[in-house]
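Thanks for coming, everyone. I'll walk through one structure today, with charges to begin and backbone oddities to finish.

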Amino acid sequence: MKNRKITLKKRPVGMPLLSDFNIEEELMPVSGEGEVLLKSAYVSVDPYLRGKMNGTHPPIFELNEPVSSKIIAEVVESNNDNFKKGAYVSGYLNWKDYQVSDGKALQKIDSNTAPLSAYLGVLGITGLSAYIALMDIGKPGKGETLVVSGAAGAVGSIAGQIGKIIGCKVVGIVGTDEKIDLIKTKFGYDEAINYKTTPDLKAAIAQLCSEGVDIYFDNVGGSISDGVIANMNNYGRIPVCGTISNYNDIKAQTGPSLLPIVVYKFLTIQGFLIGDHAVRFPGVIAQLSAWLKEGKITYSETILEGFDKLPEAFIGLFEGRNEGKMIVKID
Ligand SMILES: NC(=O)c1ccc[n+]([C@@H]2O[C@H](COP(=O)([O-])OP(=O)(O)OC[C@H]3O[C@@H](n4cnc5c(N)ncnc54)[C@H](OP(=O)(O)O)[C@@H]3O)[C@@H](O)[C@H]2O)c1
């Protein structure tokens with residue numbers, strides 16, 4: 001039996017293409033002493049992988065080597081007392097059907113708490129990012145107005161719901177009318193804007209946020225953020241979780257054009273990287289799990305099936321093909 005792997009064939013220029021990736025075969029790996037043999041079950045595709053393909057998010061992927069991301073895998077053979085055969089684990093692993101690990105960087109998954117795939121989304125990096133960036137940097141208060149860009153995505157859909165739990169008025173920015181319905185009906189957003197069909201985003205935000213914007217949870221950057229930030233209240237807070245709108249830019253953006261507003265409105269803009277907060281993961285996952293159980297939050301997933309769908313799912317993030325967390329289920 002052969003093992004499949006997906007490698008980076010070319011560094012993408014602009015929008016990533018299927019031809020930037022290669023599907024290859026190799027010999028099946030064999031687990032040695034102290035090792036486990038893992039079979040990939042669910043693979044996370046994430047916008048930050050784009051920066052690992054072209055050098056803006058170190059350490060970068062090597063050409064002709066497997067791409068890697070967060071994966072939920074089944075232990076199919078174990079020579080390691082810490083992991084039982086049949087258990088599920090998560091870790092930053094290679095885009096391969098099977099691989100061996102010494103177990104040191106693997107986390108055990110409790111599949112009784114939530115479905116396995118949830119550990120890549122609401123109970124994984126994106127849920128954690130939504131909670132920590134919103135609570136620590138956004139510091140939401142009851143009655144404040146929170147605007148979330150990328151509001152139907154994995155991070156944004158959770159950030160908006162947490163804002164509602166705190167008692168904020170929550171306004172989401174998305175790229176389709178279907179996503180407007182989704183975030184208002186399923187995720188409890190008060191108002192929503194389709195940025196692709198709204199010619200003047202600054203005016204639209206001003207109209208929907210009549211008392212101004214206190215917190216802007218930014219997932220996208222670029223001109224969408226210009227439109228929101230122009231409406232910030234004094235002492236507003238802006239957790240910058242990501243700027244997906246410029247991940248495929250060939251020419252670096254110049255600026256920053258926003259600094260005058262930051263000054264005269266006393267704004268706090270703070271960057272955020274989830275890797276900086278690992279010590280808090282167990283506590284935040286416990287909180288998110290409790291909210292899930294109580295029905296206070298919910299989540300969506302877009303799951304493509306088949307190992308060969310990995311590049312397509314990744315590219316789909318930049319085309320807005322996902323509602324909630326984009327995941328590939330391995331056959
Ligand atoms: N700092 C951290 O530690 C951390 C951790 C996780 C994620 N992030 C960042 O958080 C953001 C969201 O990540 P995610 O995993 O939750 O992805 P996601 O929102 O589930 O998926 C990406 C979404 O971005 C939107 N999008 C794509 N291209 C866009 C563009 N040019 N302009 C505006 N919107 C665009 C699309 O939705 P529409 O259809 O609505 O356009 C797409 O569905 C990303 O910027 C990511 O890099 C950061």
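**Charges, core and backbone**

Let's start with a salt bridge between Asp102 and Lys104, whose closest N and O atoms are 3.9 Å apart. The cut-off is 4 Å, so this pair counts. Keep in mind that this is a predicted model. How do the two residues sit with respect to solvent? Asp102 is partly exposed, at 39% relative accessibility. Lys104 is exposed, at 74%.

Next pair. Lys164 and Asp190 meet through their side chains in a salt bridge, 2.8 Å from N to O. Lys164 belongs to helix α3, residues 154-166. Asp190 is in the loop between α4 (177-185) and β10 (191-194). The bridge therefore ties together parts that are 26 residues apart in sequence. Lys164 is partly exposed, with 30% relative accessibility. Asp190 is partly exposed too, at 30%. There is also a network here: salt bridges with shared partners join Arg4, Asp97 and Asp331.

Now a buried pair. Lys325 and Asp46 form a salt bridge, with 3.2 Å between the closest N and O atoms. Which parts of the chain does this pair tie together? Lys325 is in strand β15, residues 325-329, and Asp46 is in the loop between β3 (36-44) and α1 (49-54), so the linked parts are 279 residues apart in sequence. Lys325 is buried, at 5% relative accessibility. Asp46 is buried as well, at 8%. The count for the model comes to eleven salt bridges. As general background, side chains of opposite charge can pair when their charged atoms come close.

One acid goes without such a partner. Asp20 is buried, yet it has no salt bridge. Which side chain of opposite charge is nearest to Asp20, and how far away is it? The answer is Lys10, at 4.4 Å. A salt bridge needs N and O within 4 Å, so Lys10 misses the cut-off. Asp20 does have a polar neighbor. A polar atom of the Asp20 side chain lies 2.8 Å from the backbone nitrogen of Leu17. As for location, Asp20 is in the loop between β1 (2-8) and β2 (21-27). Leaving out residues up to four places away in sequence, Asp20 touches Thr7, Leu8, Lys9, Lys10 and Pro12.

On to the cysteines. How many disulfides are there? The count is zero. Why is Cys168 not bonded to Cys209? The sulfur of Cys209 is the closest cysteine sulfur to that of Cys168, but at 12 Å the separation is too far for a bond. Seen from the other side, Cys209 is in no disulfide, and its nearest cysteine sulfur is that of Cys168. Cys168 is buried, at 2% relative accessibility. Cys209 is buried too, with a relative accessible area of 4%.

Now the core. In soluble globular proteins, nonpolar side chains tend to be buried together. Here, the largest nonpolar core has 46 residues. Which members touch the most others? They are Leu146, Ile183, Phe217 and Leu288. Several elements give two or more residues to this core, among them α2 (125-138), β8 (145-149), β9 (169-174), β11 (213-217) and α8 (281-294). Helix α3, which we met with Lys164, is also on that list, as are β3 and α4. The most comes from α2, which gives eight residues.

Last topic: the backbone. Most residues other than glycine have a negative phi, and most peptide bonds are trans. Three places are worth a look against that background. Pro58 and Pro59 are joined by a cis peptide bond, with omega about -5 degrees. Pro59 lies in the loop between α1 and β4 (68-78). Asn64 is in the loop between α1 and β4. Asn64 is not a glycine, but its phi is positive, about 65 degrees. Asn64 is partly exposed, with a relative accessible area of 48%.

And Tyr235? Tyr235 has a positive phi of about 60 degrees, and is not a glycine. Where is it? Tyr235 lies in strand β12, residues 232-240. Is Tyr235 buried or exposed? Exposed, at 54% relative accessibility.

That's the tour. Happy to take comments.

Technical notes
Residues are numbered from 1 along each chain as its sequence is written. This is a predicted model: local features need pLDDT of at least 70, side-chain atom pairs count only at pLDDT 80 or more; totals for chains, interfaces and linings use all residues. Side-chain values use heavy atoms; hydrogens and water are left out. Helices (H or I, at least four residues) and strands (E, at least two) are DSSP runs, numbered from the N terminus. Buried means under 20% relative accessible area, exposed over 50%, partly exposed in between (1.4 Å probe, protein chains only). Lys and Arg count as positive and Asp and Glu as negative; His and the chain ends are not counted. A polar contact is a pair of N or O atoms within 3.5 Å; within protein, one must be able to donate a hydrogen and the other to accept it, and residues adjacent in sequence count only if both atoms are side-chain atoms. Contact means heavy atoms within 4.5 Å. A disulfide is a pair of cysteine sulfur atoms within 2.5 Å. A nonpolar core is a set of buried Ala, Val, Leu, Ile, Met, Phe, Trp, Tyr and Cys residues joined through side-chain atoms within 4.5 Å.
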